[in-house]
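Colleague: I have a model open and would like to learn how to read its helices. Could you walk me through it?

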Amino acid sequence: MKSRLIAVLAGSAALALVPASVLAQRQAPATPEQRIDRLEKQVQQMQRQVFPKGRPADTAGFADDPAATQSSVMTLDQRLNALERQMADLVRSSEENGNRLRGLETGLGQLKTDQDQRISAIEQRLTETQPAPVQSPEPAALATTPPKGKPSTTKPTTTKPATPPKTTADAATGGPVLATPAVDEGEDAYTQGFHQWEAGQYDQAISTLKAFTSAYPRHRRVSYANNLIGRALLDKGDTRAAATALLANYRSNPGGERAPDSLYYLGQALMKLGQPAQACKAYAELDAVYGAKVRPDLQKLETDAKTQAQCS
C-alpha cells in the first residue's frame, strides 16, 4: 500500500513537471535588440518623471537654467538664419545707396561747374557788347520828347537850360532881353539819380530814384527811373529784387518809354537766376507787345540775349 502511494505521488509530480518544461521549451530567450528596447523604454519612463517639461537637448545649460527643448533650438536657429539674411540685404542696400550718392554728388558738382562757366561766359559777352547807357536824361527844352519806339540821341547834361530862352524887349532900351528859363525840378531829381547810377553808387541812386518817383508820380521820367532802379539792383548783385522791380515797371506802365527795356533786363536777371526758359518768355513778350517799335540798339541786345538763352 505504501509503495502504491509513492508511485502515485511520483506520477503526479511527473505530470506537474511536464507543462513547465514544455513552457520553458516554447519561450525563447530575449535577443539583444529586445533587451536594448526594454532598457530604452525604462530610461524614457525615468526621464519623463525627472524632466516633466520635456527631454533636454545636448546644448542645455547648467542644472539651474531652464531646459532647452529641441523645438526651441530649431526656432532659434531659424531666427538666426533670418537675421543673417536681413543683415546681408542691409549691407548690399547700403553699398548700392553709397554708389548712387557718389554718382549724384559727382553729377551735381559737374552741373555747378557747367553753370558757373556758362554764367561767366554770358557776363563776359554782356560786358563786351554793352553799349553806352540808353537811359540818358534829355534836356527838356533842347530835345523834344521822342516818339515811342525811337531812341533818344541827346546825351544827358544838366548844364543846358531846361527850356529855350525867350526874348523880350527891354522897356528902357528897346533891345532884346533873355528871359529866365523855367526849372524842371523833377528832371533835375531824375538826372541826379542817373549820374549816381552811372558812377556806380547804386544804393544812393536807388534811394534818389525812389524819392523821385514818389514826389513826381506823373513825370515822364518815372518809367526811366523805375527801369533804372531795376538795373541798379541788377548791377549790385541783388538779382531777384531786380527781376521784381523790372517786371513791376513793365506791368504798371506798359506804355512807358522804358517798359521795353525793363522786359529785356528782366530776361537778363532771369538768366542770372538760372532760368533761361523764363528769360525766353520775357523776350517773347517784348517782341509780341512792342515788335518793330523796339529801338535798334535794344533789338540787337535782345537778339544776342535770345541766342545765349537758346530760345527757339
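The conversation below goes from the overall layout to two helix pairs.

Modeller: Happy to! This is a predicted model, where local features need pLDDT of at least 70, side-chain atom pairs count only at pLDDT 80 or more, and totals for chains, interfaces and linings use all residues. Residues are numbered from 1 along each chain as its sequence is written, and side-chain values use heavy atoms, leaving out hydrogens and water.

Colleague: Which secondary structure elements does the protein have?

Modeller: Helices (H or I, at least four residues) and strands (E, at least two) are DSSP runs, numbered from the N terminus. Here there are ten helices and two strands, in the order α-α-α-β-β-α-α-α-α-α-α-α from the N terminus.

Colleague: How do I read one helix, say H8?

Modeller: Start with its span, expected to be 1.5 Å times one less than the number of residues. H8 covers residues 259-272, 14 residues in total, and reaches 20 Å from first to last C-alpha, close to the expected 20 Å. After H8 comes glycine 274, with a positive phi near 75 degrees.

Colleague: Is H8 largely enclosed or open?

Modeller: Buried means under 20% relative accessible area, with a 1.4 Å probe and protein chains only. In H8, 13 of the 14 residues are buried, so the helix is largely enclosed by the rest of the structure. Across the 312 residues of the protein, 25% are buried.

Colleague: And how do I describe the packing of H8 with H9?

Modeller: Two packed helices are described by the angle between their axes and the distance between the axes. Axes are lines fitted to C-alpha atoms over the stretch in contact, with angles from 0 to 180 degrees between N-to-C directions. H8 and H9 (residues 276-290) pack at about 170 degrees, with axes 7 Å apart. They are therefore roughly antiparallel, a label for angles over 145 degrees. Among the residues in contact (heavy atoms within 4.5 Å) are Leu263 and Leu270 of H8 and Ala282 and Leu286 of H9. By class, this contact has 13 nonpolar, three polar and one charged residues.

Colleague: At what angle do H5 and H6 cross?

Modeller: The axes of H5 (residues 202-215) and H6 (residues 222-235) cross at roughly 155 degrees and come within 9 Å. That makes H5 roughly antiparallel to H6. On the H5 side, Ile206, Leu209 and Phe212 are among the residues that meet H6, whose partners include Leu228 and Ile229.

Conventions: Buried means under 20% relative accessible area, exposed over 50%, partly exposed in between (1.4 Å probe, protein chains only). Angles under 35 degrees count as roughly parallel, over 145 as roughly antiparallel, 65 to 115 as roughly perpendicular and the rest as oblique. Ala, Val, Leu, Ile, Met, Phe, Trp, Tyr, Cys and Pro count as nonpolar, Asp, Glu, Lys and Arg as charged, and the others, Gly among them, as polar.
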